[in-house]
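Dear colleague,

I am passing on the structure below, and after it you will find some notes on what turned up when I went through it. Please read them with the structure open beside you.

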2 protein chains.
Amino acid sequence: MSKKLSGFPEFLPRERIVEQQVLDHLRRTFELHGFANVETRAVEPLDVLLRKGEIDKEVYAVKRLAADPAEPAELALHYDLTVPFARYVLENAGKLEFPFRRWQIQKVWRGERPQQGRFREFTQADIDIVARDVLPFHFDVEVARVMAEALAGLPIPRATLQISNRKILEGFYLGLGVADPTAVMQVVDKLDKVPAERIRELLLEQGLDAPQAERILALAEIVTTDTSFVQRVEALGVEHELLAEGLAELAQVVKGASDVDGVTVTADLRIARGLDYYTGTVFETRLEGWEHLGSICSGGRYDELAKDRRSTYPGVGISLGVSRLLVPLALAASRSVPSAVLVAVDAEESRSISDTIAGALRYRDIPTEVAPAAAKFGKQIQYAEKRGIPYVWFPPSSVKDIRSGEQVDADPTTWTPPLEDLTPTILTKEQLS
Amino acid sequence: MSKKLSGFPEFLPRERIVEQQVLDHLRRTFELHGFANVETRAVEPLDVLLRKGEIDKEVYAVKRLAADPAEPAELALHYDLTVPFARYVLENAGKLEFPFRRWQIQKVWRGERPQQGRFREFTQADIDIVARDVLPFHFDVEVARVMAEALAGLPIPRATLQISNRKILEGFYLGLGVADPTAVMQVVDKLDKVPAERIRELLLEQGLDAPQAERILALAEIVTTDTSFVQRVEALGVEHELLAEGLAELAQVVKGASDVDGVTVTADLRIARGLDYYTGTVFETRLEGWEHLGSICSGGRYDELAKDRRSTYPGVGISLGVSRLLVPLALAASRSVPSAVLVAVDAEESRSISDTIAGALRYRDIPTEVAPAAAKFGKQIQYAEKRGIPYVWFPPSSVKDIRSGEQVDADPTTWTPPLEDLTPTILTKEQLS
């Protein structure tokens with residue numbers, strides 16, 4: 001019965017508290033910036049999901065067990081939150097106010113082979129801003145900044161937001177006289193997995209000459225934490241209108257997001273996101289010391305996120321892989337329950353006294369539970385200790401910090417624990433060892 | 001593409017805010033009482049789900065699209081949160097501290113025919129307390145009380161928590177000399193759908209005599225808001241040890257939960273929950289004026305929630321159907337976005353001034369967005385109006401309540417909106433019309 005399913009991680013309560021706090025922080029950040037929440041159903045019609053050809057093998061089909069076995073499945077679990085959101089926008093276009101900022105945190109499912117940081121069921125946290133017909137460029141800056149602020153507030157290794165712009169790559173390749181810039185982009189996109197020497201060979205195989213390949217690789221080496229990338233690109237001596245537009249856009253995003261404390265923001269011209277349908281800004285994100293996990297947070301601008309008979313809906317967004325983000329964490333909270341206080345029970349006949357004390361504490365928002373049995377006080381203290389509950393209340397009017405042993409007289413209608421004990425805190429690896 | 005799927009409801013942002021506030025309130029209540037959160041994966045092995053025979057046709061099977069079509073599905077979406085929780089308890093028994101209180105709010109899926117209040121994808125909010133080997137009875141009282149407090153704090157029609165105890169029914173039937181009390185319970189369970197006259201016939205068909213059927217129906221008519229049901233049952237003149245035990249237990253639960261303001265708590269001896277494996281306390285809940293929705297919140301005690309080679313895990317819990325609970329609501333929040341303030345933009349060149357003002361407001365936890373374009377101020381105010389954002393800030397230092405028209409000078413590092421404007425509020429039906 002209790003066979004664990006590979007790729008479907010589940011947390012113990014002490015671990016889940018860490019995940020909850022991460023999710024709470026993300027929500028708080030998104031809502032502070034005015035993003036509205038949307039939840040879409042877990043399933044989409046198969047034909048909606050299969051429009052992007054490359055992912056069909058990863059999809060989980062869903063079918064009523066009572067349905068005819070010969071009938072093909074018509075539904076499948078969503079594998080990201082972008083496709084459902086695009087469908088939601090079209091379905092509700094008449095009722096939404098554009099530009100529309102939304103955040104969405106939900107599980108997604110992919111039938112891939114599980115490995116470190118790659119799951120079959122995992123949580124994504126997406127923000128997108130979508131408009132009808134025209135989406136001003138400052139929203140690219142906003143999305144980068146909001147996600148940078150969200151990452152900066154998390155107890156994770158330092159994140160580097162790597163930003164590029166498809167127009168720079170495409171314009172540069174066109175300026176170099178490359179016939180098929182998309183094909184080149186897909187080759188360059190492999191740079192974090194394949195050595196530069198091999199990329200050069202692949203470019204030559206595409207019919208490029210050696211100086212072209214040289215400059216394409218030189219472009220991909222440019223990484224700066226400020227707008228100096230503009231000069232370095234210009235120094236490569238390639239000119240094209242699209243390139244100039246891309247450089248100006250990327251400079252604006254880097255400038256706009258680089259003053260967020262706690263994260264590094266780079267212009268990184270290796271980032272291409274070759275297989276997605278981005279049309280301008282593109283984002284990836286890596287965690288210091290955990291680069292092997294790949295990008296934990298990616299996105300960009302789609303000039304055509306969705307389209308109906310009347311309108312086009314351009315969008316810009318980023319998707320954060322919450323489950324992958326949690327991999328580097330110790331995943332331990334200071335306690336396994338929300339309770340800050342355990343009210344001891346003298347005798348079963350007087351349990352209602354303890355219940356009343358607990359009620360008074362909860363009334364002032366102090367998470368409290370009552371001991372399960374009128375056991376010896378030593379055993380009741382042990383119950384609190386095992387769960388990491390910091391305070392034990394002895395009826396009627398005495399409360400003990402069981403870490404320090406300090407016990408004081410107190411009134412349940414006025415006593416309050418120090419703020420740092422009110423909710424569980426996330427332990428660092430040092431505190432754990 | 002945008003075909004709506006029947007039974008898979010999705011909310012507009014203004015509706016979703018209501019659902020979010022309901023979920024936030026539930027979480028806050030559960031955590032104040034020390035319940036820890038658990039999330040289980042969406043899928044379970046099919047054999048785990050099919051153990052309870054009667055639900056197999058409602059299950060959605062899940063299978064990788066790339067898998068062999070001839071292979072049967074091995075996974076399915078969970079149809080409740082109790083079966084996954086029982087599996088989770090067994091899988092993690094060595095790492096959990098018992099008694100273990102947990103809350104769990106997740107989507108569940110059932111392939112039933114959709115109708116009002118019945119969906120194919122819906123949200124459940126469960127609390128359970130589970131122990132190893134022995135679970136003291138006071139936890140039955142606690143679970144009832146916590147859910148009563150949770151319901152009392154919601155903007156819904158008045159809820160009636162209807163509580164009964166299987167031991168009363170079983171003991172009463174045994175005391176009457178009935179051979180198969182379970183069969184009788186399943187007949188009596190139909191009382192809210194089938195007239196009493198028909199129930200009487202069904203009982204006679206089971207081989208009972210007329211006086212037996214009479215007293216069984218008389219028992220089922222007993223509904224009290226206090227412990228006076230004990231005397232009324234005793235007046236029926238049936239005696240059995242199990243009956244006495246059940247009466248004492250039910251009296252304890254009703255007494256313990258009946259002082260929660262804002263909900264009605266009843267001992268209701270019609271409640272049997274005939275098809276579930278409860279062994280003592282059973283709960284159902286109905287909303288005033290919305291009784292046709294059926295029970296929105298049900299549960300009870302299982303003496304054997306789970307079992308492994310070494311131990312039995314008794315549990316008591318209640319499951320709230322959040323999606324059904326939302327049916328009577330107007331489902332409209334005072335605004336469609338979290339933003340309390342829109343910062344206007346004078347000109348695109350000075351957008352950074354507006355961004356700085358927004359940053360200062362957000363720094364003090366005031367949800368704020370910046371206008372999408374430096375349009376005429378009238379148009380910017382309209383942007384706020386359409387979303388229900390109450391305040392528009394005009395740089396550098398003036399803020400207008402666009403409902404009253406009142407405009408004041410203000411400093412973004414100190415100005416705060418009234419608390420009731422900080423987050424969206426839920427509108428009543430009267431406010432809407």
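The side chain of Arg286(A) makes a polar contact with that of Gln162(A) at 2.7 Å, a polar contact being a pair of N or O atoms within 3.5 Å in which, within protein, one can donate a hydrogen and the other accept it, while residues adjacent in sequence count only if both atoms are side-chain atoms. This is a predicted model, in which local features need pLDDT of at least 70 and side-chain atom pairs count only at pLDDT 80 or more, whereas totals for chains, interfaces and linings use all residues. Residues are numbered from 1 along each chain as its sequence is written, chains are lettered from A and ligands numbered from 1 in the order in which they are written, and side-chain values use heavy atoms, with hydrogens and water left out.

Arg286(A) belongs to strand E10 (residues 281-287) of chain A, where helices (H or I, at least four residues) and strands (E, at least two) are DSSP runs numbered from the N terminus. With a relative accessibility of 13%, Arg286(A) counts as buried; buried means under 20% relative accessible area, exposed over 50% and partly exposed in between, with a 1.4 Å probe and protein chains only.

Turning to the two chains together, 82 residues of chain B are in contact with 82 residues of chain A, contact meaning heavy atoms within 4.5 Å. About 7,200 Å² is buried between chain B and chain A, and carbon and sulfur atoms give 56% of that area, which is the accessible area (1.4 Å probe) that two parts lose on being put together, summed over both. Across this interface the rule finds 10 salt bridges, a salt bridge being a side-chain nitrogen of Lys or Arg within 4 Å of a carboxyl oxygen of Asp or Glu. Helix H1 (residues 13-32) of chain B supplies seven residues, the largest share of the side of chain B that touches chain A.

Some individual salt bridges may help you find your way. Lys107(A) and Glu39(B) meet through their side chains at 2.8 Å, N to O, and this pair crosses between chains, from strand E5 (residues 100-109) of chain A to the loop between strand E1 (36-37) and strand E2 (43-45) of chain B. The side chains of Arg16(B) and Glu39(A) also form a salt bridge, at 3.3 Å, N to O. Within chain B, Glu142(B) pairs with Arg101(B) in a salt bridge at 2.8 Å, N to O, and both residues are buried.

With best wishes
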